[in-house]
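Visitor: Could you walk me through the strands and nonpolar cores of this structure?

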Amino acid sequence: MFTRLVSCSRLPCRIQERNVCPLSIRAFSQANFSLPRPHGKSFAHRSELKHAKRIVVKLGSAVVTRDECGLALGRLASIVEQVAMLQNEGREMMIVTSGAVAFGKQRLRHEILLSQSVRQALHSGQNQLKDMSLPVLEARACAAAGQSGLMALYEAMFTQYSTCTAQILVTNLDFHDEQKRLNLSSTLHELLRMNIVPIINTNDAVVAPPVPSSDLQGVDVISIKDNDSLAARLAVEMRADLLIALSDVEGLYNSPPGTDNAKLIDILYPGDQQLITYGTKSRVGLGGMESKVQAALWALQGGTSVVIANGTHPKVTGHVITDIVEGKKLGTFFSEVKPSGPTVEQQTEMARHAGRALASLHPEQREEIICCLAELLTEKKDEILSANKKDMELAKASGRFSQPLINRLSLSTAKLNSLAIGLRQLAVSSRDSVGRVLRRTRVANNLELEQITVPIGVLLVIFESRPDCLPQVSALAIASGNALLLKGGKEASHTNRILHQLTQEALSIHGVTDAVQLVSTREEVEDLCRLDKMIDLIIPRGSSQLVRDIQRAAKGIPVLGHSEGVCHVYIDSDASIDKAINVVRDSKCDYPAACNAMETLLIHRDLLRTPIFDQIIDMLRAEHVKIHAGPRFASYLTFSPSEVMSLRTEYGDLECCIEVVDSMLDAVDHIHKYGSSHTDVIVTENEKTAEHFLQQVDSACVFWNSSSRFADGYRFGLGAEVGISTARIHARGPVGLEGLLTTKWVLRGEGHTVSDFSEQGSMKYLHENIPVPQGGFS
């Protein structure tokens, strides 16, 4: 019979009416997960894992040990911290751990070496030791020596987080004997009720060696041959919501990791295991990946969700368990619910394949596709506006969206017509895109070099609201021959769906339908940003918070965009009254939600209490613009508007900050200190002052006597834009067709070798520039 409760590091200091620690009641009230769901059905999606209340964490031998004899103390400490944190949130945590044999082996080797050294010293009468050989240590003896030490280590670590632990040792018979199984279940339920973390291990001191069996075929049968099968059986027995199995590999691969074409499987569905080629088992422990998969599928069939992930990677170990519970894409998730459409990885592969075909089309064919899309936007406007109306109604009813966001969500006939015009303009310019020769050089006789434009590859565009972004970006991707992955916000799902359908309809006329893909699965933005081997460039379109989140989450993928649009208009002392009023009104009031709208108005000090200043203030009030006073402006007023909280604020609404500066140079300094390098404007009749401003302001767009709202790809004649970049490399300002192209070098020779150009060679470099004709293509 198993030992029901070997040790407890700390009993609850005070048992309340229901024998629950006060901590568990307090933590449970703050938890963000639902009450236990009816068992028998696992979670269908990773995003649902945050609702898991009862969780089993299985620690493989490779996770617990740092080599074949010794524990990975730092790794264990981080795992304990995560388990304790989840426990203190009100979840019920259980650990199935390996490591007793390794810990015992370390202890026994130390004792044997010490014993041998003492005997040799006594025998030889001196301290010089001869060569000592260690006997082969029997695993059950190692387990007996290591179990108490391993548990003492867990107790000490969990005590740091005021968390109580208890050890339970089991064997296969404890599950197959009905009374023992009930006793085990009763003990575990009682420990969980008292907010104690059970730490379970097979009793390797007495267990028989594992033998092959034909179980794992049904919910009612599974032999406890290793800790993988123990964790699976325990999870189903205890009706756990989630089993996290930590190993020394990233998850499950379709073939052994490290082999050619081995790919990490994000989600495994029952039946797919037949497509997997397994490698050798881990250097430590009893099971290999095949036993883990069998145990995971068995647990899944019993109603427990399973994730197999890496618990040894130094960059993720400190948060791997909490990340999995939060639904982040780590390891392999086992699910019984297959998605109706392709996965995002499959969509990316489809887009890349079709994108290469798109890039190989003649320029006139890509032009036809874009013109077709422009026609569809006007022909199908009633269906588009009907879908958009549904999104608008849902957004307003939810109460979760600000007015600027709802404004961006809205489409109109005028907006669709404007989109169509921009697309036709872009279609014409697309003729001179892919394959254009930028430079031609005669390196040597009969050896010519060309630099030509080529697509970047696969673009990922993530956008909030603004469904008009979809046809714009799609047209730019088509014109530049790039594959495109689109991830829109849920608030525009109906509009995005029909716009994507129209885009694919246009692409179909030349057989490249899959070149533009709309991600409609539950993929989190952070997970998409991790597809560094599949995506070549990320372009965020949305709030400054969205852009910052993407820039932070992107690992190894360049991000093109700006995090904020803090645009300034500076009214110089030599400004025209009419021009100043018109520029300020248009910059702020034409479309306040746009990233190129004015957010801060800088006024030269000499203009205070003058007619130009009074008329600007009157105009802003007439337009219902809420004014926030900058620190210097507020100091000039007896009764000032609300003082600004930050001079770096992007309001995105009918609000703006007004601040006073002493000169044009003072305005430039203010812009550099508080601006976002997006768009900044000077209003003045002094040409010398204006030219100094245009040269000194380091922003993507700098204007003189013109509204900041001109910072737009369509208004610049680019036809459309994917966004405005404030970066200083690759592309800056409104990013149109040119910003979505890169280059490659093509060399044409006749058997030339580098040795031909050595000192003893027969050839000399010429490096002569060859004129490139207008519209020259490779």
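The exchange below turns to one strand, its partners and the cores.

Guide: This is a predicted model, in which local features need pLDDT of at least 70 and side-chain atom pairs count only at pLDDT 80 or more, while totals for chains, interfaces and linings use all residues. Residues are numbered from 1 along each chain as its sequence is written, and side-chain values use heavy atoms, with hydrogens and water left out.

Visitor: How many residues of strand β4 are buried?

Guide: Strands are DSSP runs of E with at least two residues, helices are runs of H or I with at least four, and both are numbered from the N terminus; buried means under 20% relative accessible area with a 1.4 Å probe, protein chains only. In a regular strand the side chains alternate between the two faces of the sheet. On one side of β4 I196, P198, I200 and T202 are buried, and on the other V197, I199 and N201. For residues 196-202, the number buried is therefore seven of seven.

Visitor: Which residue in β4 is the bridge partner of C164?

Guide: Two strands pair if DSSP finds at least two bridges between them. Strand β3 (residues 164-170) runs parallel to β4 over seven bridges, whereas β2 (residues 92-97), also parallel to β4, is joined to it by two. The β4 partner of C164 is I196.

Visitor: Which helix gives the largest share of the largest nonpolar core?

Guide: A nonpolar core is a set of buried Ala, Val, Leu, Ile, Met, Phe, Trp, Tyr and Cys residues joined through side-chain atoms within 4.5 Å. The largest has 49 residues, of which I369, I384, V461, L484 and L486 touch the most other members. Its largest share, eight residues, comes from helix α16.

Terms used
Buried means under 20% relative accessible area, exposed over 50%, partly exposed in between (1.4 Å probe, protein chains only).
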